[in-house]
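Thanks for coming, everyone. I'll put the structure up and then walk you through a few spots in it.

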Amino acid sequence: MPEITILKRPREEAVITQRMFFKKTARGKVMKVLRERYLRDDISCGVNACRACNAAAQTVLPRSGDTTHKLFPTGHYILPDTNVFLAQMDLIESNHFTTPIIVLQTVMEEVRHRSLPLYSRLKALTTTDEQKVWVFYNEFRSETAIVREEDETPNDRNDRGIRKAAQWYNAHLTLAHPPIRGQPNLALPKVVLLTDDFANRQKADNESIPCISVRNYVEGMKNSDQLLDLLSATGSDELEPTRAVAGRTALYTDYLPMSTLLAGVKAGQLHQGHFNANKYNYLEGTVPVSAFTKPVLLVGRENMNRAVQGDVVAVEVFDESEWKAPTDEVIDQDATLKNDDAEDSEEEGDDLMVHEHESKALRTERTKKPPTEKQPTGRVVGIIKRNWRAYVCHIDSTSLTSNNSTSLGLQTVFATPVSRLLPRIRLRTRQAPSLVGHKILVTIDRWDITSRYPEGHFVRALGKAESKEAEQESLLLEFEVPYRPFGKAILDCLPPEGEQWVVPPKSPANPEWRDRVDLRDLIICSIDPPGNIFKTSYKSGTLILGPPGCQDIDDALHARRLTNGNIEAGVHIADVSHFVHPDTAMDNEAAARGTTVYLVDKRIDMLPALLGTNLCSLRPHVERLAFSVIWELTQDAEIVNVRFTKSVIASKAAFEYGEAQLRKDDPKLNDELTQSIRLLNSLAQKLKAKRMAAGALNLASPEVKIHLDSSESSDPVDVEQKALHETNSLVEEFMLLANTSVARQIQESFPQTAVLRRHLPPPHTNFDKLQDILQKRKGLKLDVSSSGALADSLDECVDPKEPAFNTLVRIMATRCMLSAEYFSSGSVSRDTFGHYGLASPIYTHFTSPIRRYADVLVHRQLAAAIGYSPLHPTLHAKMHVERIMDVVNRRHRMAQMASRASVEFYVGLALKGRNERETEVVEDAFVIRTFRNGLGVFVSKLGLEGLVMFKRDTQFDAENYTITVPSSGTGQPDVAISVFDKVTVRIEVEKDKNTQRGRVKMTLVSPVDSRAL
Ligand SMILES: [Zn+2]
């Protein structure tokens, strides 16, 4: 924003600049609000060396504009209206779109009101160095400010304001370029109003303002070939949908109007929820709604009615007599719709074929299912909120027309999203042949009732499929991980000393030492998982890469005996909130990122690396600021008291789990550090025993470690399961204890806004299926009446012949649970605070502020609770805390999925490598699911889940989770395969011919070779 000088205006003029509007208060009272604007004459037009504006003002627009457009040879700037930004952001953001842009304040405001995500993209655009974008504060400049007329709609008022600004700009340019005596008059650049609103263009024409529609404008640009692909099909009155809508049969029913939907939801006749696609069967989806314990099942395309994964939909639930169980069949859209033609898929013949295919798929018997498996069924009657974004896709090469497969003509093709949860997208492109085999980003624009597929447009290419760069970026995009480098404003928040920053000498004059305890003499050490530090593995001599980068050590510990026989134990956490202050650019960025994201070969930090890996990292032999939790504990690990204090520490050592374990177990060692580890370990064991006795769960998720060749090549050479040391749980127990102690303290101090974490108990019905399988297949009982009962019965789920069986059951049980979440203590009822998995009545996250934003807030609240610093007002506001928690919860989920996908990608690469070296990759696997036409299997060694498909008919006993493969006259007996059976599978990585994407394919080796089936 330019520097502000306020011009005093006479009273009568000030009246003109008053804006009056009505505002509804929280209690529903209507208030009249008068807002006075102070108009100014010194707001710069942004054109370089403008003679009419303040020469000192910062400018970004080149003096003669852009001269490469066919229609504007004398140079031009564009001034887009609001809808252009709302509908065509991909176009405007493209690197090929180089025209200087004038963004009016009016337009910014409108975009902000209409869409926050688009607003942040627009804001980002105005700060990037790559594009020339000028924000003109037209509402503040006296000549361009306008007041809404009595009979004018706010929309018309804004359109008029935009035209007025365009007019002013064109006149202003004559002042910017005054004629020079003795020289012919220069041809002036133009400011061109860009709008797809026909009426607005007509008005502009009448007012002699240069204006043009987006499509016509792009057609005259020098990069029109690439840019035309980016045009969105929405928001334009000129752009035709891929085919004429008229005369086509509707495949879907129209949505009900929004007011009807909202009224229906309110009255309980309709139900609102997020649409979830079924990854095994593209013809089924579910919508969890609050009125039913089981989610509403949507069977078939018509009932899903154009809902896309993540959309908030309104569903109508059918009569109970129509309720059904979900199918047990894998239905793959790529296979079923293989021959569908992108250009002509609505032609009758094809349509019938697809229809036949799909209805056959839907007709499969659901009747034999036990009635307990029935779910409410229903259909989508409207969309409350679309959650469309840009999707990573591959072009399906079979959808290219053969005569067009090399030429650059415009054609309609299918883009297949990487995610199996999304429908194929139809898009028009001129670049199809060059995009085959690449990962590309595609946005959905619309989905008409006459179109089987949604229509979208190409955004940009990410690179060759399977190249590491393209895979990594697409993963970040797919899970919406913000990965832009930290900008200058953020880096400016770091201490100016940079790497040279040190804890200043102890003195009351140094503010760092205010109210801090000097713990530099304590024998403190850190113990972390391997891979947090690059290390050579002892066995294989290869590098193990865990979370990449160097140390981000956010916790350290100590323990010592007190003279009274009790033990003092301390957890010391990096004092991140000393460096990250509320409401700064760095704080806002960290809040938006929510968490650091760990991929196999990359880490996307929440905070700039200077903090994470240096100033806040509790490295050994370096003085660091910390936030300490110190307990006095009895020998039996009972808490006598706890105190919280800011401190200065100097860690004495950084161990890996394995090293700490060796040290603890080495009888020759008896130094203070080793004693401290032993003390911590014995306390940890007692703490753990208590937790377990209280009913904490020992959950499991498939975890593997990926060995890479070297840090350079990052080719995985092997995958192995993660090893567990006793010392893992040493650290874990103390972190849990710290988190619980801190949670109690901040909840007591700030009962309305304490940032806490809870894990709701899962609905018992979530376990129905697993219980049934365990009962029928193994005669085992799973008691889910409480977390303690569940923990006990999980302990008994053992197969003496199969040690891995217990872990498998734990993995399956974990999947039946809900995920833990952050919340603000005043926002939910007190009896729902509990953490089910940890069996703790209250919990929070305090111990990883370098990589989790919730912990940063918790640090601020704890600092305020002990009177160290006042609480920032935003942390007193329940609504504000709730909003941040929403973002952070979402980011955490996405980060987990991104990590998992990254591991999967590397497991795939490792498999590909083995496939090349070995004749056949064969591994043990457990059957975890049976389908009518296949098996779901889990390869625990690789943490990999896969599908084995049977082409030939098998006998399927849904009730007993058994599939029988008939001998078919080979003389061999029939083979029955059930859930929990151990089988061996052959694993291949197959390249999909159409999309060039690698896919893991599994076939059975034993008990029967499934390749022939
Ligand atoms: Zn100017």
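Let's begin with a weak stretch: over residues 710-714 the pLDDT stays under 50, and the model has seven contacts there beyond four places in sequence. Two terms in that: pLDDT is the predictor's confidence in each residue, from 0 to 100, and a contact means heavy atoms within 4.5 Å. There's another such stretch at residues 532-550, again with pLDDT under 50, and for it the model has 47 contacts beyond four places in sequence.

So yes, this is a predicted model, and local features need pLDDT of at least 70, side-chain atom pairs count only at pLDDT 80 or more, while totals for chains, interfaces and linings use all residues. Residues are numbered from 1 along each chain as its sequence is written, and side-chain values use heavy atoms, with hydrogens and water left out.

Okay, the chain as a whole. Mean pLDDT is 84, and 84% of the residues reach 70 or more. The chain has 26 helices and 41 strands; these are DSSP runs numbered from the N terminus, helices being H or I with at least four residues and strands E with at least two. Of the 1013 residues, 52% count as buried. Buried here is under 20% relative accessible area, exposed is over 50%, and partly exposed is in between, using a 1.4 Å probe and protein chains only. If you take contacts with a separation of 6 or more, 68% of them come from residues 24 or more positions apart.

Now the metal. Which residues coordinate the zinc ion? Cys45, Cys50 and Cys53 each give their SG, and His172 gives NE2, at 2.0 to 2.3 Å. Donors are N, O and S atoms within 2.8 Å of the metal (3.2 Å for Na, K and Ca), and water is not among the atoms, so sites may look incomplete. The angles among the four donor atoms run from 104 to 114°, and the site is tetrahedral. For the record, four donors count as tetrahedral if all angles lie between 85 and 135 degrees; four count as square planar and six as octahedral if opposite donors are over 155 degrees apart and all others between 65 and 115; anything else is irregular.

In sequence, the donors follow C-x4-C-x2-C-x118-H. That last step links distant parts of the chain: Cys53 is in the loop between β2 (30-36) and β3 (76-80), and His172 is in helix α6 (residues 154-176), 119 residues apart. Both residues are buried, Cys53 at 12% relative accessibility and His172 at 3%.

Next, salt bridges. The rule is a side-chain nitrogen of Lys or Arg within 4 Å of a carboxyl oxygen of Asp or Glu, and by that rule the count comes to 50. Let me show you a few.

Glu219 pairs with Arg215, the closest N and O atoms being 3.8 Å apart. Why are they about one helical turn apart? Because they sit four residues apart in helix α8. Glu219 is partly exposed at 36%, and so is Arg215, at 22%.

Just ahead of that helix is Ser213, in the loop between β7 (211-212) and α8 (214-219). Ser213 is buried, at 1% relative accessibility. A polar atom of its side chain lies 3.3 Å from the backbone nitrogen of Asn216.

Over to strand β34. Lys941 bridges to Glu923, with closest N and O atoms 3.5 Å apart. Lys941 is in the loop between β35 (934-939) and β36 (944-949) and Glu923 is in β34 (residues 922-931), so this pair ties together parts 18 residues apart in sequence. Lys941 is partly exposed at 38%, whereas Glu923 is buried at 9%.

Then Asp924 meets Lys982 in another salt bridge, 3.8 Å from N to O. This one links distant parts of the chain, from β34 to strand β40 (residues 982-991), 58 residues apart. Asp924 is partly exposed at 42% and Lys982 is partly exposed at 43%.

There's also a network of salt bridges, linking Arg389, Glu478, Glu480 and Arg890.

Last stop: Gly946, in strand β36, and buried at 16% relative accessibility. What does Gly946 touch, not counting residues up to four places away in sequence? Leu935, Gly936, Val937 and Met1002. With Met1002, the C-alpha atoms are 6.6 Å apart, though the two residues are 56 apart along the chain.

That's my tour; over to you.

Note on methods: A polar contact is a pair of N or O atoms within 3.5 Å; within protein, one must be able to donate a hydrogen and the other to accept it, and residues adjacent in sequence count only if both atoms are side-chain atoms.
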